[in-house]
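Student: Please take one part of this model and look at it closely, in a connected account rather than a list. I would also like each term to come with its cut-offs where you use it.

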Amino acid sequence: MSRIKTHVKKGDTVVVISGAHKGAQGTVKEVQPAKSRVLIDGVRMIKKAVRPSQQNQAGGFVEKEGPIHISNVKLAEAPKKKAPAKKKVAKK
């Protein structure tokens, strides 16, 4: 099984560049390279109906992140640090 290379990884800060959630920013929770999808924290929240279980006795609706195609996101630019100015040395 070959590994699929992606431009984002878990923990990266990304910006959605197209689609219904354009402009949204968040951190990557999960990358699904086989499906070319990513889960971004707080973006594309969907409601899922769940049945009552031992862990969730009430059941009802649960809000969670939905996947976004990896081509619709890009890495957020980190603020660039300004390099210290070089001192000019007088030639003798």
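Tutor: What follows is an account of the open sheet, the core beside it and the loops around it.

This is a predicted model, in which local features need pLDDT of at least 70 and side-chain atom pairs count only at pLDDT 80 or more, while totals for chains, interfaces and linings use all residues. Residues are numbered from 1 along each chain as its sequence is written, and side-chain values use heavy atoms, with hydrogens and water left out.

The open sheet has five strands in the order β6-β3-β2-β1-β7, with antiparallel pairing; strands (E, at least two residues) and helices (H or I, at least four) are DSSP runs numbered from the N terminus, and two strands pair if DSSP finds at least two bridges between them. The edges are formed by β6 (67–69) and β7 (73–75), each of which pairs on one side only. From one strand to the next, the twist averages 55°, where axes are lines fitted to C-alpha atoms, for helices over the stretch in contact, and angles run from 0 to 180 degrees between N-to-C directions.

Within this order, strand β1 (residues 13–16) runs antiparallel to strand β2 (residues 25–32), to which three bridges join it, and β1 also pairs with β7 in the antiparallel sense over three bridges. Val 15 shows both connections, standing opposite Gln 25 in β2 and having Lys 74 as its bridge partner in β7. Val 14, in turn, has Gly 26 as its bridge partner in β2. Thr 13 is also found in β1, and it counts as partly exposed because its relative accessibility is 34%, given that buried means under 20% relative accessible area, exposed over 50%, and partly exposed in between (1.4 Å probe, protein chains only). Setting aside residues up to four places away in sequence, Thr 13 touches Gln 25, Gly 26, Thr 27, Lys 74, Leu 75 and Ala 76, contact meaning heavy atoms within 4.5 Å.

On the other side of β2, four bridges join that strand to β3 (residues 37–40), again antiparallel, and Glu 30 stands opposite Leu 39 in β3. The hairpin of β2 and β3 has four residues between the strands, and there Ser 36 takes a positive phi near 55° although it is not a glycine. Ser 36 counts as partly exposed because its relative accessible area is 27%.

A UniProt record (unreviewed entry) places "domain: KOW" at residues 7–34; UniProt positions are given in the numbering used here, feature names are shortened, and annotations may be inferred rather than shown by experiment. Over that stretch the chain is 0% helix and 43% strand, with the end C-alpha atoms 14 Å apart.

The largest nonpolar core consists of ten residues, Val 8, Val 14, Val 16, Val 28, Val 38, Ile 40, Val 43, Ile 68, Ile 70 and Val 73, and β1 and β3 each supply at least two residues of this core. Such a core is a set of buried Ala, Val, Leu, Ile, Met, Phe, Trp, Tyr and Cys residues joined through side-chain atoms within 4.5 Å. In soluble globular proteins, nonpolar side chains tend to be buried together. Among the residues that Val 14 touches, beyond those up to four places away in sequence, are Val 8, Val 28, Ile 40 and Val 73.

Beyond the five strands of the sheet, Glu 65 lies in strand β5 (residues 60–65) and counts as buried because its relative accessibility is 13%. Its side chain joins that of Lys 29 in a polar contact of 3.0 Å, a polar contact being a pair of N or O atoms within 3.5 Å; within protein, one must be able to donate a hydrogen and the other to accept it, and residues adjacent in sequence count only if both atoms are side-chain atoms. The side chain of Glu 65 also reaches the backbone nitrogen of Gly 42 at 3.3 Å. Gly 42 lies in the loop between β3 and β4 (45–50), and it is exposed because its relative accessible area is 52%. Arg 44 lies in the loop between β3 and β4, has a positive phi of about 55° although it is not a glycine, and is partly exposed, with a relative accessible area of 32%. Leaving aside neighbours within four places in sequence, the contacts of Glu 65 include Leu 39, Ile 40, Val 43 and Arg 44.
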